[in-house]
Amino acid sequence: MNNVYYGKLIFELSKPGRIGYSLPTSDIQGYCIDNLPECVTRKNQLDLPEADELTVARHYTNMSNNNFGVDTGFYPLGSCTMKYNPKVNEEMAALPGFNIHPSTPNAMAQGALELYDELQKILSEIAGLSRFTLNPYAGAHGELTGLMVIRKYHMQRGDVTRTKIIVPDSAHGTNPASAAVCGLQIVQVKSTTDGTVDIEDLKPLLGPDIAGMMMTNPNTLGIFERKIPEIARLVHECGGLMYYDGANLNPMLGVCRPGDMGFDVMHINLHKTFSTPHGGGGPGSGPVGVRTGLEQYLPNPQVVRNVDGTYSTTNDDQSLGRVSGWLGNFGIIIRAYAYLLSLGRENINMAGKLSVLNANYIKECLRSHYKLPIDGLCKHEFVFDGLKDEYAGDRHSPDHVTTLDVAKRLLDYGFHAPTIYFPLLFHEAMMIEPTETESKDTLDEFIAVMKQIAEEAKANPELLKTAPHSTPIRRLDDVKAVKEPRFIY
Ligand SMILES: *Cc1c(COP(=O)(O)O)cnc(C)c1O
């Protein structure tokens with residue numbers, strides 16, 4: 001992999017006068033560079049790299065080889081659902097008919113609006129709710145939108161004292177962050193030793209200042225929250241609404257529905273559960289659904305199907321307002337729609353069951369070598385608390401092998417590391433989510449490598465302490481990388 005192009009900035013490969021592409025002369029009469037008005041012409045040369053096409057192709061191909069993606073290898077990053085995204089969805093999103101400007105008049109965008117409405121309806125059915133907006137751009141954006149719906153609901157009723165939201169200690173970090181951005185005060189509720197919400201800790205928190213409660217189910221430990229009906233009853237009795245973080249809806253698909261569990265508002269991550277390549281911060285889509293009676297608070301614009309079968313966008317007076325410029329990240333909406341249609345009603349529930357089977361298979365095969373803090377069936381993911389002591393060595397010795405060392409060593413074997421040091425409930429957390437798209441062969445290889453790493457930790461801890469050894473970039477100083485970032489582009 002190391003060649004003259006490797007690891008260089010494109011500016012370092014630049015040679016004055018090198019050209020990769022020649023622009024054709026403009027064929028529009030009267031509009032050539034020479035007669036542009038003085039005020040818009042550039043006075044100095046732009047400092048751009050100059051390179052031939054082959055150099056550019058090699059530069060970017062070498063760069064992409066430094067990356068790791070689902071198409072490169074197994075990527076068991078917990079809470080991220082890094083599953084395989086069928087390429088046919090990419091083809092659908094690239095259909096020229098969908099390549100329309102967001103301000104295209106409704107009359108000329110009927111197909112796009114129909115797709116929006118259809119997906120909204122399918123998601124409503126999957127979730128057991130009344131209506132979805134597809135406007136929010138990410139999971140966290142969906143959380144904020146959903147919490148704004150809850151706030152709007154209380155305000156409309158003149159119930160202005162509800163300024164607090166209950167969030168479990170196991171929640172994804174975006175939950176408290178979104179609540180804070182929404183202007184709500186966060187009240188934390190503890191988990192019991194089995195990893196679920198502690199009802200006895202919850203009861204005293206409930207009162208006239210509670211706007212609602214945010215829950216993830218299965219929670220971020222991969223545990224199904226069995227007491228949801230009771231929790232929902234308690235929160236509703238005190239006047240609050242139930243918010244469901246459905247970022248990782250995989251294990252529930254076609255098996256059970258948040259609306260039936262008593263949730264009032266939720267978001268879904270299309271880029272996790274419904275097949276869009278993601279990572280590195282985007283692109284995303286975080287549709288928000290609500291139960292009957294809350295539809296009018298959803299953000300504007302809303303897509304509606306008229307009685308004559310045509311589609312319009314409307315603005316509701318009671319809406320919380322706009323959360324996005326247009327109707328969301330449309331390319332991702334198309335991918336989700338294509339994904340759902342290709343699976344169909346008959347097959348969608350296989351996705352959930354397989355993701356649960358795969359996670360439990362890895363967990364049971366590896367519990368001989370890794371600490372399992374919460375026993376029992378998990379859903380689509382689970383958490384180990386690092387290597388067992390007999391493999392990790394003495395905690396006070398410099399040779400003690402940590403979760404970070406195991407994660408780095410996994411890279412040498414061509415696997416992406418799991419999510420590490422999250423959730424914060426365990427010191428050496430290692431959160432594994434295999435997803436439903438992996439074959440048993442891949443799972444078996446991963447299990448064998450994880451066992452091999454445990455043996456290495458015992459026999460030669462230095463090998464793990466200095467890992468990775470075979471990646472283009474070795475172990476980084478995390479603190480220095482944040483303080484002195486070097487961006488290559
Ligand atoms: C990924 C995730 C989110 C946030 O989604 P983004 O699209 O990254 O903003 C929220 N909650 C849970 C449980 C998640 O896994």
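Here is a short, friendly note on the ligand site and on one bent helix in this predicted model.

1. Start with the ligand and its neighbours. The shell around the ligand holds 13 residues, and those that come nearest are Ser-79, Gly-139, Asp-245, His-271 and Lys-272. Try finding these five in the viewer before you read on.

2. Next, look at what kinds of residue make up that shell. Seven of them are polar, while three are nonpolar and three are charged.

3. Where in the fold do these residues come from? Helix 4 (139-156) and helix 9 (270-273) each contribute at least two of them. Helix 4 gives the largest share, with three residues.

4. Now zoom in on the oxygen atoms of the ligand. A backbone N or O atom of Ala-140 sits 2.8 Å from a ligand oxygen. In the side chain of Lys-272, an N or O atom is also 2.8 Å from an oxygen of the ligand. For the side chain of Asn-269, the distance from an N or O atom to a ligand oxygen is 3.1 Å. How much of the ligand does the protein bury? On its own the ligand would expose 380 Å², and 86% of that is buried by the protein.

5. Finally, turn to helix 10, which runs over residues 330-366. If its 37 residues formed a straight helix, they would span 54 Å, yet the end C-alpha atoms are only 41 Å apart. Which residue should you look at here? Helix 10 has a kink of about 100°, and Gly-344 is at its centre. Follow the backbone through Gly-344 and you can see the kink for yourself.

Definitions and conventions. Residues are numbered from 1 along each chain as its sequence is written. This is a predicted model: local features need pLDDT of at least 70, side-chain atom pairs count only at pLDDT 80 or more; totals for chains, interfaces and linings use all residues. Side-chain values use heavy atoms; hydrogens and water are left out. A residue is near a molecule or strand if one of its heavy atoms lies within 4 Å of it. A polar contact is a pair of N or O atoms within 3.5 Å; within protein, one must be able to donate a hydrogen and the other to accept it, and residues adjacent in sequence count only if both atoms are side-chain atoms. Accessible areas come from the Shrake-Rupley method with a 1.4 Å probe; for residues, only the protein chains shown count as cover. Helices (H or I, at least four residues) and strands (E, at least two) are DSSP runs, numbered from the N terminus. Ala, Val, Leu, Ile, Met, Phe, Trp, Tyr, Cys and Pro count as nonpolar, Asp, Glu, Lys and Arg as charged, and the others, Gly among them, as polar. The expected span of a helix is 1.5 Å times one less than its number of residues. The bend at a residue is the angle between axes fitted to the seven residues ending there and the seven starting there.
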